[in-house]
There are 2 protein chains.
Amino acid sequence: MKLYGYFRSSAAFRVRIALNLKNLEYDSAFIHLPRGDQSKAEFLGVNPQGLVPALETDRDTLIQSLAIIEYLDETHPEPPLLPGDAVGRARVRALAAIVACDIHPLNNLRVLRYLHRSLGHDEAALEIWYNHWIASGFRALEQLLADGDKTGRFCHGDEPGLADIALVPQVVNADRYRLDLAPYPTITRIFDTCMQLDAFAAAHPQQQPDRGT
Amino acid sequence: MKLYGYFRSSAAFRVRIALNLKNLEYDSAFIHLPRGDQSKAEFLGVNPQGLVPALETDRDTLIQSLAIIEYLDETHPEPPLLPGDAVGRARVRALAAIVACDIHPLNNLRVLRYLHRSLGHDEAALEIWYNHWIASGFRALEQLLADGDKTGRFCHGDEPGLADIALVPQVVNADRYRLDLAPYPTITRIFDTCMQLDAFAAAHPQQQPDRGT
């Protein structure tokens, strides 16, 4: 398998964690987002959406991080990334979607660029925007995790899964933009627990060969 | 089951379609978004995220439209909303995610309000923003659908499923903001096919009891 990613892309970070948790080997292709490689014809032939990640498998090229991770979970069931019961799966998918639908899409590079280049906002306004959407999502996540009787060492029970995979890259982003994480003790505790695992630690942006490019 | 929704919410629209396709009866609670009912304590007790939809079942209250729809598909398998093969499921989930992650979250009420109230943009700028993100997502979707050998009468094959459920409300939104749909003939064809089905037509915002409120 070949993963098209970029060290700083949270969505690629999610897929790296999933591949590691499944103990799957993969090749990497680095798509330099700030330079615009994702919009060049070569990559648009891989993913017409011009976004990373994309995962080339022997059967097809898959796009969209959560769809890729569900595919990996279905084709390589051990260890499972979703609970065994439908209500549990709905909870984990919802926790992941709070990050993947309601926080991250507002803060990715193309949106920040639009705010800056087309709407003329400066770095300070972008930082407020960025942290506003993380805080809004983290408030709900913190409450759902702190109150949820299924929350364990990880977001759902005592094994890492899809919700943790979505959460960890978002915490890394929050930290990068200096969001105060004190109001989110459960999120922080789960993040720390995840980062003790090799699968998460090795997927961190700063551990990627293209870091700093 | 009880669905907390609002006639104009695309995410609630998705769940209405899924419930209809599954032939499931449900009660409705109308959460008036422009008035801010989603941020009142009563609804925050249902969904701490303060967003619709939420689906109250006999087992738990579920949030996040795609997680809810996957739950409905798992607990009421007929007719299936996802294909039988893993690659097909990955394709359908990715098509749905292009709408649910990369278009819709940028255009929902809370974001438009932030652009207007906190960043001072006027109605004209909001309309450009709105259509920019739809066009960006629709360009990719159109290509994936037009080129995809699995595309049939619907997004994937000849039966409606999760990708159609995500697509249709987004086309209704695009139409509301007068986006020119001419560049997207495959999207438009699938939309028209869907709207001939009662499950889609009855879920349309203008068919809801709280329309116009």
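By what turn and what shift along the axis can chain B be laid on chain A? In this predicted model, local features need pLDDT of at least 70 and side-chain atom pairs count only at pLDDT 80 or more, while totals for chains, interfaces and linings use all residues. Residues are numbered from 1 along each chain as its sequence is written, and chains are lettered from A and ligands numbered from 1 in the order in which they are written.

A turn of 180 degrees with a shift of 0.0 Å along the axis lays chain B on chain A with an RMSD of 0.0 Å (least-squares superposition on the C-alpha atoms of residues with pLDDT of at least 70 in both copies). This relation is that of a two-fold axis. The residue of chain B that comes closest to the rotation axis is Cys101(B), with its C-alpha at 2.3 Å.

In the interface, 33 residues of chain B are in contact with 33 residues of chain A (contact: C-beta atoms, placed from the backbone, within 7 Å). Several elements of chain B each supply at least two residues to this side, among them strand E4 (61-63), helix H3 (65-75) and helix H7 (123-147). The largest share, 11 residues, comes from H4(B). Helices (H or I, at least four residues) and strands (E, at least two) are DSSP runs, numbered from the N terminus. The side of chain B that touches chain A holds 21 nonpolar, 5 polar and 7 charged residues. Here Ala, Val, Leu, Ile, Met, Phe, Trp, Tyr, Cys and Pro count as nonpolar, Asp, Glu, Lys and Arg as charged, and the others, Gly among them, as polar. Of the contact residues of chain B, 100% recur in chain A.

Note on methods
Contact = placed C-beta atoms within 7 Å.
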